[in-house]
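Q: Please give me a close look at the salt bridges. Which charged side chains pair up, and what surrounds them?

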Amino acid sequence: MRYIEPHGHMVSRVTDDYVDMATAGCAAVCEPAFWAGFDRSSADGFHDYFCQLTEHEPKRAAKFGIPHFCWLCINPKESEDVQLAKDVIALIPDFLDKPNVLGIGEIGLNKNSRNELKILELHVDLAARHNQLILVHTPHLEDKLKGTRLILDVLKSDRRIRPERVIIDHVEEHTIGPVLDAGFWAGMTLYPESKCTPARAIDMLETYGTERIWMNSACDWGVSIPLAVPRTALEMKKRQWTADAIDRVVYQNPLKFLSQTPKFRV
Amino acid sequence: MTRQHVLDLYFMEARSKLIDLAAFLDRVERAEGEADFRLNALQQAIRELDTGNADRAKRVLLALSDPTTEPIPAAPGKGAIGAWQGSK
Ligand SMILES: [Zn+2]
């Protein structure tokens, strides 16, 4: 089996995870910029993080034979501080030419506040000005429905944004429809408790079809499973999916979206 | 998949989760003190199971979601709770 992990926060994972992923057939891993679990105290902290994502982590992944790519932004959990967010956004253009940078992400909303929305709009503008792909995080639990609607409004109201170049991540049964209907890609995150279980993710694939959808583990420093994508592939097999159909979802779909930037090669 | 195949794959898991949910509701009832809005939200959401349409998961999620559309003035913190408390 081969698969692409399109969303994994590998700086939070141990080398054994890389070994397991490589063993399971991981052909590439993509790491969106994320919250560290605590607030960084300055833009300098983000500068170091972007260096980690663009220089150090690709070397670590390469030791296990896995190409490593990343997305850059200040995440919505730290966007309430507008001045900090603006300072971080100003750092990003200098990193966009790095060979493993795929685009701007994971931007989005967390608690659906005015400041978060303002920073989301600045990120979308940055992506549009630099012709970058976009990866969007949708909020958690009770905030997801409202956040997804607000995010769709922002993206649809910017005429420079082409929906086929945007993936809206962490969709669930109540948000996948509007995302796909608007022409965007949808990401399903496989978590043990929140977001999607493998069974529910496969339900959505069987309900909505396999066009413009990918699955990811979003493994990070919290409760998450780095092998969630290949394990879901096993469950698809149990549900009588053919090897070709599984490959389309776990490998060809992410390849199709990510290949919209020439930097993505596996 | 046939219904038989779905049952073969998932019945025991669903049975286990249902008993866990029942035991959770019993545990809450046996405990002391006031509950908060989460219990009521869960009980409302459970009612969504009792219909004949194949969109129960969606309706349970909607029942637990913030239905408002305006951004809030400021983020009160970072976390989410799993149910909507209502406009404060
Ligand atoms: Zn993430």
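A: The pairs come one by one, then the helices and loops.

This is a predicted model, in which local features need pLDDT of at least 70 and side-chain atom pairs count only at pLDDT 80 or more, while totals for chains, interfaces and linings use all residues. Residues are numbered from 1 along each chain as its sequence is written, chains are lettered from A and ligands numbered from 1 in the order in which they are written, and side-chain values use heavy atoms, with hydrogens and water left out.

Side chains of opposite charge can pair when their charged atoms come close. A salt bridge here is a side-chain nitrogen of Lys or Arg within 4 Å of a carboxyl oxygen of Asp or Glu. Over all chains, the count is 20 salt bridges.

Start with A:Asp158 and A:Arg160. Their side chains meet at 2.8 Å, N to O. Burial needs a scale: buried means under 20% relative accessible area, exposed over 50%, and partly exposed in between (1.4 Å probe, protein chains only). A:Asp158 is buried because its relative accessibility is 15%. A:Arg160 has 43%, so it is partly exposed.

Next come A:Arg200 and A:Glu172, bridged at 2.9 Å, N to O. This pair links distant parts of the chain, 28 residues apart: A:Arg200 is in helix 7 (residues 198-208) of chain A, and A:Glu172 is in the loop between strand 6 (166-169) and helix 6 (176-181) of chain A. Helices (H or I, at least four residues) and strands (E, at least two) are DSSP runs, numbered from the N terminus. A:Arg200 is partly exposed at 21% relative accessible area. A:Glu172 is buried at 5%.

A:Arg239 and A:Glu206 form another bridge, at 2.8 Å, N to O. Here too the pair joins distant parts of the chain, 33 residues apart: A:Arg239 lies in the loop between helix 8 (228-238) and helix 9 (243-258) of chain A, and A:Glu206 in helix 7 of chain A. In this pair A:Arg239 counts as buried, at 3% relative accessibility. A:Glu206 is partly exposed, with a relative accessible area of 40%. Bridges with shared partners also join A:Asp125, A:Arg129, A:Asp158 and A:Arg160 into one network.

Now look at helix 4 of chain A. It runs over residues 114-129, 16 residues in all. At 1.5 Å a residue it should span 22 Å, and its end C-alpha atoms are 23 Å apart, which agrees. The expected span is 1.5 Å times one less than the number of residues. Its buried residues include A:Leu117, A:Leu120, A:Val124 and A:Ala127. The buried residues pack against helix 3 (82-91), strand 4 (101-108), strand 5 (133-137) and helix 5 (144-157) of chain A. Contact means heavy atoms within 4.5 Å. Just past helix 4 of chain A, A:Asn131 has a positive phi of about 50°.

Two loop residues complete the picture. A:Leu141 sits between strand 5 and helix 5 of chain A. Its phi is near 45°, positive in a residue other than glycine. A:Leu141 is partly exposed, at 34% relative accessible area. A:Lys195 is in the loop between strand 7 (185-189) and helix 7 of chain A. A:Lys195 also has a positive phi, about 55°, although it is not a glycine. At 6% relative accessibility, A:Lys195 counts as buried.
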